[in-house]
Amino acid sequence: MRSIFAIAFALSAALMASASEPKQAPEDLVIEKTHVPEKCQMRTRKGDQVVMHYRGSLFDTGKQFDASRDRGNQPFEFTLGAGHVTKGWDEGATNMCIGEKRTLTIPSHKAFGDEGYPPVIPEKAALVFEIELLDITGRDNAHEEL
């Protein structure tokens, strides 16, 4: 009977220790495709004007720091590859189809780096962005099916 309690105590201690260890941020960009449409009208490429919804959170705590839907459900528009967003977001939003959703886990060196973006984003913070591509504008063949 004592051995059962000893094993249970050891397992509890191990679980508590692992729960208190900080999550290890990835060293490079991680792209998880969470929804891919059946038909792809076109894929994003550098120079495209893209229209997206997003939710940004801190990797280590999960605390949300920004979301387009919280801004009156107003999508965010930017030029892909022009440096209007973090390097990780530029890379992670490339080659997406309209209607596709992705989760980007962005290491600090592809986000806001050593400085962060005080007071919202701490120094050396890894970020998680849930993104959804709504449209690609400014291309003549913007809605040709692939």
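What volume does the largest pocket have? The largest pocket of this predicted model has a volume of about 310 Å³. The legends below begin with the whole chain and then turn to individual sites.

**Figure 1. Overview of the predicted protein chain.** The protein chain contains two helices and six strands. Read from the N terminus, these elements follow the order α-β-β-β-β-α-β-β. The chain has 146 residues, and 37% of them count as buried. Among contacts with a separation of 6 or more, 69% are made by residues 24 or more positions apart. The exposed surface of the chain amounts to about 9300 Å², and carbon and sulfur atoms account for 52% of that area.

**Figure 2. The largest pocket and its lining.** This view is centred on the pocket of about 310 Å³. Its lining is formed by 14 residues. Those nearest the centre of the pocket are Tyr54, Phe65, Asp66, Phe112 and Phe129. Sorted by class, the lining comprises 10 nonpolar residues, two polar residues and two charged residues.

**Figure 3. The second largest pocket.** The second largest pocket holds about 180 Å³ of space. Its lining includes Thr34, His53, Tyr54 and Arg55, together with Ala67 and Arg69. Also among the lining residues are Lys101, Arg102 and Thr103, as well as Glu130, Ile131 and Glu132. Strand 2, strand 5 and strand 6 (127-137) each contribute at least two residues to this lining. By class, six of the lining residues are charged, three are polar and three are nonpolar. Tyr54 belongs to this lining and is also one of the residues nearest the centre of the largest pocket.

**Figure 4. The disulfide between Cys40 and Cys97.** The model contains one disulfide. It joins Cys40 to Cys97, with an S to S distance of 2.1 Å. The two cysteines belong to distant parts of the chain, 57 residues apart. Cys40 is placed in the loop between strand 1 (30-35) and strand 2 (49-58), whereas Cys97 is placed in the loop between helix 2 (87-92) and strand 5 (101-106). The torsion about the S-S bond is about -100 degrees, and the disulfide is therefore left-handed. Cys40 and Cys97 are both buried.

**Figure 5. Glu100 and its surroundings.** Glu100 lies in the loop between helix 2 and strand 5. Is this residue buried or exposed? Glu100 counts as buried because its relative accessibility is 1%, and the cut-off for buried is under 20%. Beyond its neighbours within four places in sequence, Glu100 contacts Lys33, His35, Val36 and Pro37, as well as Arg43 and Asn95. Its further contacts are with Ile131, Glu132 and Leu133. Two of these partners, Ile131 and Glu132, also appear in the lining of the second largest pocket. The C-alpha atoms of Glu100 and Glu38 are separated by 9.6 Å, and the two residues are 62 residues apart along the chain.

**Figure 6. Two asparagines with positive phi.** Asn73 is located in the loop between strand 3 (64-67) and strand 4 (76-79). Although Asn73 is a residue other than glycine, its phi is positive, near 60 degrees. With 42% relative accessibility, Asn73 counts as partly exposed. Asn95 is located in the loop between helix 2 and strand 5. Its phi is likewise positive, about 70 degrees, and Asn95 is not a glycine. The relative accessible area of Asn95 is 40%, so this residue is partly exposed. Asn95 is also one of the contacts of Glu100.

**Figure 7. The loop between strand 5 and strand 6, with Pro119 and Ala126.** Pro119 is found in this loop. The peptide bond leading from Pro118 to Pro119 is cis, with omega near 0 degrees. Ala126 is found in the loop as well. The relative accessible area of Ala126 is 9%, so Ala126 is buried. Which residues does Ala126 contact, leaving aside its neighbours within four places in sequence? They are Ala25, Leu58, Phe59, Ile106, Pro107 and Ser108. Between the C-alpha atoms of Ala126 and Gly116 the separation is 9.5 Å, and these residues stand 10 residues apart along the chain.

Methods. Residues are numbered from 1 along each chain as its sequence is written. This is a predicted model: local features need pLDDT of at least 70, side-chain atom pairs count only at pLDDT 80 or more; totals for chains, interfaces and linings use all residues. Side-chain values use heavy atoms; hydrogens and water are left out. Helices (H or I, at least four residues) and strands (E, at least two) are DSSP runs, numbered from the N terminus. Buried means under 20% relative accessible area, exposed over 50%, partly exposed in between (1.4 Å probe, protein chains only). Contact means heavy atoms within 4.5 Å. Accessible areas come from the Shrake-Rupley method with a 1.4 Å probe; for residues, only the protein chains shown count as cover. A disulfide is a pair of cysteine sulfur atoms within 2.5 Å. On a 1 Å grid over the protein atoms alone, a cavity is a set of points where a 1.4 Å probe fits but cannot get out, and a pocket is an open set with protein on both sides within 12 Å along at least five of seven lines; lining residues have an atom within 4 Å of a point. Grid points are joined across faces, edges and corners, and a volume is the space filled by probe spheres set on the points. Ala, Val, Leu, Ile, Met, Phe, Trp, Tyr, Cys and Pro count as nonpolar, Asp, Glu, Lys and Arg as charged, and the others, Gly among them, as polar.
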